[in-house]
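Trainee: Please take me closely through one part of this model, the salt bridges, and show me how they fit in with what surrounds them.

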Amino acid sequence: ESTFRNYAERGYDLIMAAGTQFDEAANKVAKNYPNTKFTVVNGLISEGDNVAPILPKEYEAAYLAGIIAGETTTNGQFATIGGFPNDLMEKLLDVYEKTAVAGAKARGIEDAKATRAFANSWDDVALGKQMAETMIANGADTLFVYANQVGLGSIQAAKEKGVKFIGFSSDQNSVAPGTVVASVAFDFETFYTWAVDMFIKGQLSGNTVHEAGIKEGIFQPVYTEEVSADTQAKVSAAIEDVKAGKVDFQAMFENK
């Protein structure tokens, strides 16, 4: 709160903070500085004309990862690990799993299925390795993990067991070549630039969570030679479908 106030007192027009952990402080301080715009990256709370959080549509990135996974798997058994079971995490895992399973079934793998677990941690590398080893032992041949450092342990397990891994959030291809077949990276430079441009144009309105995704160029698939040209073409077509509004993500979200 003191840092927000310090910037506001110095007359800054726009104050940005990275992480939903800043939501409460930003909304509290914003009430006293109506001429300053407060923007929390990954924010979920907007209580004021000058509070305008921005949020990446991570489920759109998961859709692209799911297409790659569905084309990568051999046996149609997908393992997914999330950091913590919150609404946003569950939605992106819903989209990934349904897309991956549908892709595998379209290839004739009728018993394709996804198994999900949560690490309840962002940084326990050893736990990530242990969880992945268990899921691989149960038959999974394609892993997807969105849990920061936990994912590094999962990649190690995948490498040791000879299964495939789909990178997410950052380009993880170089972590284990031959194991990480592709990544869907978040382009935060584009994300921040988009937000600042919205602010300059007067379009970063308050009392609103502003979302950006494929249409705004926030997510970039990064391939290795493990991914065929046909699969890459399917991802490119999916990107165009999302831009055109042809993908019904709401239908992929499970009712909790």
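Mentor: Gladly; I'll begin with how the model is read, then go through the salt bridges and on to the sheet, the pocket and two loops.

This is a predicted model, in which local features need pLDDT of at least 70 and side-chain atom pairs count only at pLDDT 80 or more, while totals for chains, interfaces and linings use all residues. Residues are numbered from 1 along each chain as its sequence is written, and side-chain values use heavy atoms, with hydrogens and water left out.

A search of the whole structure gives 14 salt bridges (a side-chain nitrogen of Lys or Arg within 4 Å of a carboxyl oxygen of Asp or Glu). Glu90, Asp94, Glu97 and Arg116 are linked in a network of them. Arg116 pairs with Asp94, the closest N and O atoms being 2.7 Å apart. Asp94 lies in helix α4 and Arg116 in strand β5, so this pair ties together parts that are 22 residues apart in sequence (helices, H or I of at least four residues, and strands, E of at least two, are DSSP runs numbered from the N terminus). Arg116 also forms a salt bridge with Glu97, with 2.8 Å between the closest N and O atoms. Glu97 is in α4 too, so the pair ties together parts 19 residues apart in sequence.

On accessibility, Asp94 counts as buried at 2% and Glu97 as buried at 10%, whereas Arg116 is partly exposed at 24% (buried is under 20% relative accessible area, exposed over 50%, partly exposed in between, with a 1.4 Å probe and protein chains only).

Strand β5 (113-118) is also an edge of a sheet, as is β10 (219-223), each pairing on one side only. That open sheet has six strands in the order β5-β4-β6-β7-β8-β10, with mixed pairing (two strands pair if DSSP finds at least two bridges between them). Within the sheet, β7 (residues 164-169) and β8 (residues 180-186) run parallel over five bridges, and Phe168 has Val184 in β8 as its bridge partner.

Helix α4 (87-106), for its part, also belongs to the lining of the largest pocket, as do β3 (54-56) and α3 (58-72), each giving two or more residues. α4 gives the most, with five. A pocket here is an open set of points on a 1 Å grid over the protein atoms alone, where a 1.4 Å probe fits, with protein on both sides within 12 Å along at least five of seven lines; lining residues have an atom within 4 Å of a point. There are 23 lining residues, with Asn42, Glu58, Asn86, Leu88 and Tyr146 nearest the centre.

A further salt bridge sits in helix α8 (residues 229-243), where Lys243 and Glu240 meet at 3.8 Å, N to O. They are three residues apart, about one turn of the helix. Lys243 is partly exposed at 40%, and Glu240 is partly exposed at 46%. The C-alpha atoms of Glu240 and Lys215, 25 residues apart along the chain, are separated by 8.6 Å.

Finally, two loops deserve a look. Asn148, between β6 (142-146) and α6 (150-161), has a positive phi of about 50° although it is not a glycine. Asn207, between α7 (188-200) and β9 (210-212), has a positive phi near 55°.
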